[in-house]
Structure formats: structure tokens, C-alpha cells
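Let's take a walk through this structure together. Have the 3D view open and turn it as you read.

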Amino acid sequence: MSELLRVSNLDVRFDTARGLLHAVKDVSFNLEPGESLGIVGESGSGKTVLSRATMGLLTMSTAKKSGSVVLNDVEITKLSRSELRSKWGTEMAIVFQDPMTALNPVRRIGDQIAEGPRVRLGMSKKDAKQRAIELLKMVQIAEPEKVLKKFPLQLSGGMRQRVMIAIAIACNPKILFADEPTTALDVTVQAQILGLISSLRKQLNMSLILVTHDLGVVAGHTDKIAVMYAGEIVEMAPTKELFSNVRMPYTEALLNSIPRITNQSGIRLPVIEGRLPDPTLPQNGCGFSARCKYATEKCHTERPQLVDGGNGHMYRCFFPLGVNK
Amino acid sequence: MAGSGKAHIQGGEDVVLHVEDLVVEYRTAGNQKVQAVSGISLDLIKGETLAIVGESGCGKSTFGKAVMQIVAPKSGSVVFQGSDLMKSTKEELRQLRPKMQMIFQDPVSSLDPRFTVSKIVKEPLEIWSRGSDSEQESKIDELLNSVGLEPALVRERHAYEFSGGQCQRISIARALALDPEILICDEPVSALDVSVQAQILNLLQDMKDQYGLTMIFISHDLAVVKAVSTRVMVMYLGKVCEIGNPTDLYKNPRHHYTSALISAIPVPDPEFSISAQIIDGDPPSPTNPPSGCRFRTRCPAATELCAAEEPQLREMGGGNYVACHHPRD
């Protein structure tokens with residue numbers, strides 16, 4: 001299959017008062033048409049910065065970027081701002097975590113959905129309204145004509161996130177970025193929204209990049225997963241392969257710390273002691289070594305490279321789990 | 001569901017807190033009345049961790065605040081140590097409050113940004129003049145140590161210098177300063193990462209053992225609740241659906257809403273097929289709740305009876321109670 005997106009050696013540093021903060025370190029991945037990738041990590045692991053940098057949304061002067069992002073044979077990082085803008089909506093679109101602050105509180109839902117089709121696709125007002133109704137139906141909102149006239153605060157969190165999705169898919173993007181799209185929602189609504197995103201992806205043959213801290217969320221909705229830690233991809237594999245053959249101790253620790261309903265009551269949960277390393281300090285050795293229960297002297301002093309262990313399973317560890325050396 | 005009833009009230013000497021027919025009513029901007037908590041009764045047993053679970057807007061936080069009398073209930077009673085808090089004077093309430101403490105969801109905004117950590121933890125001790133200054137100082141060190149913070153490193157720092165998980169530890173230290181009997185935790189780990197979440201849940205368990213606490217643990221996450229609770233109460237639109245021990249309730253939910261909540265939890269296993277039991281839509285508006293059982297508009301088993309008559313809590317064996325006309329087998 002032809003490649004839709006290739007990110008190579010993407011690196012992002014921010015100039016901060018505390019010094020240069022290394023948020024994304026030499027990240028590479030690719031995405032095929034219709035494929036879905038989950039990017040998983042804790043707060044501060046760089047997952048959001050990675051997705052923003054891929055979309056070209058990091059325009060602040062303090063962000064120092066290098067590396068390449070090729071979308072449909074076009075090098076995104078070399079584009080002018082207006083050329084880049086023309087890609088947003090039509091090729092890449094994003095759904096944010098908080099649907100209340102991402103929507104304009106003083107504009108009607110209908111106008112917000114119609115904006116993309118009007119500006120990007122040059123639709124007439126009438127056609128754009130029809131398109132908005134069609135989109136609201138696609139995101140399974142009942143009585144779309146009524147909802148068009150409403151303001152965001154008149155809708156529930158789940159409805160607002162559906163509207164966000166409608167806006168994102170309005171111009172038939174090739175890739176949908178969803179950055180913690182369900183973190184602000186209740187568990188029942190989360191299940192609805194994840195189901196909706198997955199079915200739209202198949203229906204529209206979109207690719208999906210699902211950014212989340214929850215391995216439970218990506219398990220059922222992605223083809224492959226990249227686990228990030230301290231700005232690096234530490235493990236990347238097809239979803240089933242990752243869950244059945246975890247190689248990276250960090251991924252294992254992350255999986256174990258998820259509370260499950262199959263747990264006994266009143267037990268102690270396994271925890272990952274310690275914290276992420278300070279991103280402003282240079283890193284010797286493996287970023288996870290200070291918290292890793294398997295770490296040896298080598299892990300503290302030498303940096304592991306991302307190696308291919310077969311079956312498309314990449315990991316960044318000297319002593320991968322389940323592999324005899 | 002979302003029924004009423006008191007079948008689950010057992011009484012007895014080990015009841016720390018007795019809540020009966022608690023109603024909390026808010027007025028909306030349009031001057032409509034909303035019953036956020038609609039006639040809830042409950043006995044809190046000494047040493048238990050009662051979890052209250054439900055979606056946003058089900059009234060679980062309001063219930064916690066109403067017990068503390070932070071919001072004034074409209075009717076009902078909250079009896080703690082022989083006094084009905086709703087009939088107590090302001091001063092009587094003030095005297096009782098040190099015994100009932102609360103931890104909030106957002107650990108950063110619930111700490112005073114201008115206070116140092118030692119001042120945050122010391123404030124309750126000063127207000128209640130607990131011991132001499134040096135006794136207070138050593139109490140601060142003891143508390144910080146027990147929540148896993150190194151006193152020498154944290155005492156003179158401010159809340160904004162800490163991560164969310166560390167701020168939650170400070171909140172816990174503050175809440176424990178006056179040796180409370182009841183600790184109400186309102187979504188204490190919802191704002192935290194999964195790895196930090198596990199640390200705080202373990203800490204709460206330790207603190208409960210160490211200080212002999214009775215806890216109310218409010219959360220929307222059934223998986224989190226399973227780990228910490230000894231009893232679970234499921235709420236929907238201000239009413240109780242089901243209450244019981246976690247083992248039975250999770251293995252064999254009798255209420256259709258409980259079952260829907262459980263099946264909506266994402267499972268970290270790609271082979272796990274997503275259950276068809278996901279419920280549609282959002283909860284109906286609490287300004288105009290459905291007649292009879294409040295869950296009937298989203299319930300797969302709803303019948304005419306459910307619209308006509310509100311189900312009452314009834315015992316299903318093993319100390320488990322459900323408010324449903326057609327409970328699951």
C-alpha cells in the first residue's frame with residue numbers, strides 16, 4: 001500500500017526560562033491510508049507535542065524543530081504558512097480533548113461546522129448548511145436542523161465532542177488526529193465516541209492518530225501503537241503484537257498500573273515509582289532506567305536505540321522482556 | 001432506578017454516619033428546580049470505604065458536599081455522632097467538621113497558591129490550637145512523611161512547584177491533620193495519570209489503615225472504585241440504582257445501568273470484543289426527570305411498569321440491594 005504519512009527524525013525543543021526543553025526526540029513513524037495509530041504516554045511524555053508538530057501547528061518562535069514530515073509526497077515542514085493552512089481540514093484535521101474550549105462559545109454550531117466547507121471547499125452558504133446537516137447525521141446527532149441553531153453551552157459534553165468530530169471531518173481529511181478525545185467524558189459517552197470515530201474512519205477510509213494516556217482506549221481502536229516516554233518512542237508494534245508480547249518494561253509497568261474491574265477489592269495496585277526525567281536536563285542512558293525494576297549499570301550509562309525485533313515490533317531496550325539473549 | 005427506599009438501612013452500633021431521605025435542590029438560571037440528590041438514604045459503617053459511582057450530573061459530588069453541609073440540603077437528615085447536622089447551629093457544625101474531612105478532584109486549585117506546604121498542613125492545627133507550636137511542627141513532619149513526601153525538601157515550597165500527584169499527597173496530609181473519622185474523597189484521582197493514580201490509591205488505602213478512617217470515595221470510574229471500595233453505591237440522576245459489595249456487584253450487576261457502566265470500561269486487550277451493551281445518548285435533563293424509574297429512557301428492559309411506578313430498593317441477597325422492577329439475573 002502506498003504511504004500516506006512519513007515522519008522522519010522529528011525533533012522538537014522549546015526555549016524555556018529553565019533552558020532548552022527537549023519535548024520530542026528523533027521520532028519516526030509512518031501511516032498508511034486508512035490505518036490507525038495510537039500514541040500512548042503519560043502527561044509530559046511528548047505525545048501531544050508530537051501530534052501538533054506533525055500537523056505543523058507548532059508555530060511559536062520558541063519551538064525549535066528539525067526532521068521531516070511527508071504527507072502525500074509533500075514535505076510539510078518546508079511549506080509556507082498559507083500552503084500549510086490549505087492542508088488543514090482537507091488533509092489533516094484534529095479533534096481536541098476539551099470540546100467546550102475548542103468550540104467558539106459565541107457562534108452557532110451550524111456556522112462553526114459550515115466554516116470549513118465554505119472556506120476550504122468553496123461551498124455556497126446553502127450547500128454548506130446542507131453539508132452541516134449531513135455531517136451532524138454522520139456523527140449521530142438527532143434533529144440536526146435544531147442543533148445547527150444552538151450554541152455549544154446548550155449541548156452536553158458528548159454532543160459537543162460529536163460536533164467537534166463533525167467539524168474535523170467536514171472537508172474529508174485524509175488523517176484525523178484525535179488528541180485525548182474522550183478524556184473529558186464519562187465512561188459511557190467515551191465508549192460511544194470511540195465507537196463513532198472508528199466507524200467514521202472505516203466509512204471514510206481515513207487514517208487516524210489517536211493520542212491518549214489510556215492503553216485501554218487504544219486497544220480496541222487502533223492497528224498499531226507507539227508508546228512514548230520522555231519524548232521518545234520506546235516501543236512500537238501492531239496492536240495485537242504489542243499486547244501479546246510486551247517488550248519494553250515501561251509498557252509493562254503502564255499496563256500493570258491500570259486499575260481493572262477484574263482486580264480483587266482492596267488490593268495494592270502495582271505502581272511505577274518516581275517521575276519522568278527532567279526534560280531540560282541532558283539524558284544519559286535509557287530515559288526509563290531510573291524507574292525500571294530491571295535496570296542494570298548499562299541502562300544508566302548507555303542509550304538504547306530503537307531496534308526491530310521482528311513482526312514490525314520495535315523497542316528501545318537492552319533487555320527486552322520475553323527475549324532471551 | 002433510580003429508586004428510593006431504605007431497605008438497605010441496617011442501623012447498629014458501628015454506623016458512623018446515618019443519612020436519611022436526603023434531598024438537595026438547586027435552582028437553575030431559568031428558576032427551574034433541579035433535584036441533584038433526590039431522597040437518598042445511607043448508613044456508613046465504621047471502617048468501610050463506600051464508593052459512590054455514576055456519570056457526570058448524577059449527584060454524587062453534591063451528595064458528598066451535602067453530607068459535609070457545604071451545600072445545604074433541602075430536606076432529610078444527616079446524623080453524625082448523635083447530632084443531626086441539618087439541625088445543628090453553625091458553631092456546632094464547626095466543632096464537628098474536623099472529624100469529617102474532604103479531598104477534592106483538582107489537587108492544584110484546592111491548595112492555596114500563596115501558602116508554603118508547611119503552612120497548608122499547619123493551618124488546620126492552628127485554627128484548632130492542637131498542641132504547642134513545636135508539637136504542630138512535628139505533626140506536620142509526621143503527616144508529610146506518611147503521605148510519602150520528604151519534609152525537609154517540601155516544607156518551604158509552594159503548591160505550584162509540585163506535580164498533580166504530589167499536590168494530591170499534600171491535600172491528603174492536610175485532610176488528615178485533625179485526625180478525622182470520615183474522609184470524603186471527591187474524584188481524588190480523576191485528574192491524574194494512570195501511573196500516579198495507582199500511587200495515590202495505594203496511599204489512600206495505607207492512610208485508611210494507619211489512621212482508622214471511614215471513607216466515602218466518589219468516582220465515575222468503576223475500575224478505580226473496584227480497587228479501593230468495600231461497598232459500592234451506583235447513582236443515576238439523583239437516585240440510587242444499586243448498592244452492594246464490589247465482588248457481587250461487578251460479577252453480577254443486577255441493575256441494567258450498572259451493567260452498562262461496566263461494559264463501557266475500555267479494556268486494555270485488543271482481543272476483547274466491545275460489548276453491544278453500550279447505552280445510547282446522554283442522561284435526560286434533571287430539570288425534568290422521567291417518571292417512574294429515571295433510567296427507563298435508556299434501559300433495554302424498560303416496560304410500562306417502569307414509567308408508572310418508581311422502583312424501591314430491595315434486597316437481592318448477600319447484602320446487595322437494587323432498585324429495579326426487572327433486575328438482571
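The paragraphs below go from a sheet in chain A to its domains and then to the contact between the chains.

Keep in mind that this is a predicted model. A good place to begin is the open sheet of chain A, where four strands line up in the order S2-S1-S4-S5 with antiparallel pairing. Strand S2 (19-31) and strand S5 (74-75) of chain A have a single partner strand each and stand at the edges, so one side of each is left without a neighbour in the sheet. Further in, S1 (residues 5-16) and S4 (residues 63-71) of chain A are joined by eight bridges in the antiparallel sense. To find this pairing on screen, look for A:Val7, whose bridge partner in S4(A) is A:Val69. Helix H1 (residues 47-55) of chain A lies across S1, S2 and S4 of that chain, and makes an angle of about 65 degrees with S2(A).

Now zoom out to the domains. Chain A is assigned domain 1 (5-91 + 173-315) and domain 2 (100-172), with C-alpha centres 29 Å apart. Where they meet, 14 residues of domain 1 of chain A contact 15 residues of domain 2 of chain A. On the domain 1 side, helix H8 (residues 187-204) of chain A provides the largest share, seven residues. That side comprises eleven nonpolar residues, three polar and no charged.

Finally, bring in chain B, which places 38 residues in contact with 40 residues of chain A. Helices H7 (194-211), H8 (222-228), H9 (246-251) and H10 (256-263) of chain B each contribute at least two residues to the side touching chain A, and H7(B) gives the most, with seven. By residue type, this side of chain B has 22 nonpolar, ten polar and six charged residues.

Note on methods: Residues are numbered from 1 along each chain as its sequence is written. Chains are lettered from A and ligands numbered from 1 in the order in which they are written. This is a predicted model: local features need pLDDT of at least 70, side-chain atom pairs count only at pLDDT 80 or more; totals for chains, interfaces and linings use all residues. Two strands pair if DSSP finds at least two bridges between them. Two residues are in contact if their C-beta atoms, placed from the backbone, lie within 7 Å. Axes are lines fitted to C-alpha atoms, for helices over the stretch in contact, and angles run from 0 to 180 degrees between N-to-C directions. Ala, Val, Leu, Ile, Met, Phe, Trp, Tyr, Cys and Pro count as nonpolar, Asp, Glu, Lys and Arg as charged, and the others, Gly among them, as polar. Domain bounds come from an automatic or database domain assignment.
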